[in-house]
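Reader: I am in my first year and still learning to read structures, and I would be glad of a close look at one part of this one. Could you choose a place where helices pack against each other, and walk me through it slowly?

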Amino acid sequence: MVKNSKDLKKRGLGRGLEALFEDAPKVKNDQGEEVQKITLTDIRPNPYQPRKTFDEKSLQELSASIKENGVFQPIILRKSLNGYEIIAGERRFRASKLAKEKTIPAIIRDFDEAQMMEVAILENLQREDLTPLEEAQAYDTLQKNLGLTQEEVSKRLGKSRPYIANYLRLLTLPQKTKRMLQHGQLSMGQARTLLGLKNKEGIDKLAKKVVSEGITVRQLEALVNKLNEKNKLTKKKVIRKSAFIVASESQLKDRFGTGVNITESKKGKGHLSINFDSTQELNRILDLLGVNLDK
């Protein structure tokens with residue numbers, strides 16, 4: 001039993017997991033996995049890390065804590081051809097480097113590429129501090145690299161399919177608008193509303209206007225509707241639609257997350273069109289319709 005603060009200091013209990021290595025050759029976590037001290041220079045970041053930016057202030061604060069108390073939670077690594085790759089814990093790794101630490105406590109797990117990618121993405125999604133664009137890219141990576149459908153991604157993550165679809169749509173935004181979203185100048189709601197603009201070439205210009213004038217989502221919705229209406233009038237006169245057709249279009253727009261147009265003739269026949277801006281967008285819509293061209 002430790003009787004005084006001198007004993008605590010002597011045993012190094014204020015230095016996190018590192019202190020335990022002084023008392024025992026092997027330390028294990030609650031699952032019985034061995035915690036090892038790994039040299040930082042032997043570790044490389046996870047190539048599948050969805051987070052592209054790390055808050056500098058937050059890293060500095062974590063670095064100061066590590067200098068004072070050490071790392072309390074080991075990072076997760078896997079062996080690679082040249083050292084180790086991070087599965088989870090890149091913030092702790094970066095902060096330890098800032099703190100000029102030489103080693104970091106870690107658990108080594110035998111993960112393949114697919115497992116490594118999935119764990120990295122799921123860990124970051126659960127923290128809920130990714131930008132909307134980073135979250136969208138994470139879903140896209142799961143789909144492409146693991147060969148998952150939107151339905152499978154939604155089940156694995158416990159999110160609705162429309163939720164996943166709405167995020168994936170952000171990847172169809174033009175590059176300048178994507179940068180504004182990534183840097184927090186645009187909100188998720190504003191970005192989604194901009195996608196409703198029929199004239200896609202005008203999105204960047206409108207996004208810049210939103211940022212410079214501080215336009216709210218509600219104001220932007222009205223502006224997008226106005227611009228779309230103006231675009232219609234320049235092509236042909238406005239066609240009056242029944243309440244049923246309008247309601248059907250609205251439900252289909254929510255379902256597919258893109259523009260939908262229904263026209264009907266006096267004889268009861270009609271035409272249904274679904275907008276898409278890229279092959280990626282078309283594949284997303286086909287997936288929602290349950291169309292599998294690989295079969």
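**Helix α8 and its surroundings**

Author: The largest nonpolar core of this predicted model has 33 residues, and those with the most contacts inside this core are Tyr 139 and Leu 170. Two or more residues are given to this core by each of α5 (113-127), α6 (132-146), α7, α8, α9 (175-182), α10 (188-194), α11 (203-213) and α12 (217-235). The largest share, five residues, comes from α6. Leu 170 is a useful place to begin, and, leaving out residues up to four places away in sequence, Leu 170 touches Pro 132, Leu 133, Ala 136, Lys 178, Leu 181, Met 188, Ala 191, Arg 192 and Leu 195. Apart from this core lies another one, of 16 residues, among them Ile 66, Tyr 84, Phe 93 and Ala 95.

For the close look itself, I suggest following helix α8 and the helices that pack with it.

Helix α7 (residues 150-157) and helix α8 (residues 161-169) pack at an angle of about 115 degrees, and their axes are 8 Å apart. An angle from 65 to 115 degrees counts as roughly perpendicular, and therefore α7 is described as roughly perpendicular to α8. The crossing of these two helices, α7 and α8, is right-handed. On the side of α7 the contact is made by Gln 150, Glu 151, Val 153, Ser 154 and Leu 157, while α8 brings Arg 161, Ile 164, Ala 165 and Leu 168. Sorted by class, the contact of α7 with α8 has five nonpolar, two polar and two charged residues. When you look along α8 in the model, it helps to remember that an α-helix has 3.6 residues a turn, so residues three or four places apart point the same way.

One residue in this contact deserves a slower look, namely Ile 164, which is found in helix α8. Its relative accessibility is 0%, and because buried means under 20%, Ile 164 counts as buried. Not counting residues up to four places away in sequence, Ile 164 touches Tyr 139, Val 153, Ser 154, Leu 157 and Lys 159. Tyr 139 in that list is also one of the two residues with the most contacts inside the largest nonpolar core. If you compare positions along the chain with positions in space, Ile 164 and Gln 150 are 14 residues apart in sequence, and their C-alpha atoms are 6.9 Å apart.

Tyr 139 leads us on to α6, since the packing of α6 with α7 also involves this residue. Here Tyr 139, Leu 142, Gln 143 and Leu 146 in α6 meet Gln 150, Val 153, Arg 156 and Leu 157 in α7. By class, the contact of α6 with α7 has five nonpolar, two polar and one charged residues. The two helices, α6 and α7, pack at an angle of about 120 degrees, with their axes 10 Å apart, and because 120 degrees falls outside the range of 65 to 115 degrees for roughly perpendicular and is not over 145, α6 is called oblique to α7. The crossing of α6 and α7 is right-handed.

Helix α8 has a further partner in helix α14 (residues 279-288), and these two pack at an angle of about 170 degrees, with their axes 11 Å apart. Angles over 145 degrees count as roughly antiparallel, and so α8 is roughly antiparallel to α14. This contact is made by Arg 161, Ala 165, Leu 168 and Arg 169 of α8 together with Glu 281, Arg 284, Asp 287 and Leu 288 of α14. By class, the contact of α8 with α14 has three nonpolar, no polar and five charged residues. Among the α8 residues that meet α14 are Arg 161, Ala 165 and Leu 168, and these three also take part in the contact of α8 with α7.

To place this part within the whole, the protein has 14 helices and eight strands, and buried residues make up 39% of its 295 residues. Among contacts between residues at least 6 apart in sequence, 64% join residues at least 24 apart.

Methods:
Residues numbered from 1 in each chain as written. Predicted model: local features only at pLDDT ≥ 70, side-chain atom pairs only at ≥ 80, totals over all residues. Heavy atoms only, no water. Axes fitted to C-alpha atoms, helices over the stretch in contact; angles between N-to-C directions. Helix = DSSP H or I, 4+ residues; strand = E, 2+ residues; numbered from the N terminus. Parallel < 35°, antiparallel > 145°, perpendicular 65-115°, else oblique. Left-handed = near helix turned anticlockwise from the far one by under 90°. Contact = heavy atoms within 4.5 Å. Nonpolar A, V, L, I, M, F, W, Y, C, P; charged D, E, K, R; others polar. Core = buried A, V, L, I, M, F, W, Y, C linked by side-chain atoms within 4.5 Å. Buried < 20%, exposed > 50% of the residue type's maximum accessible area, 1.4 Å probe, protein only.
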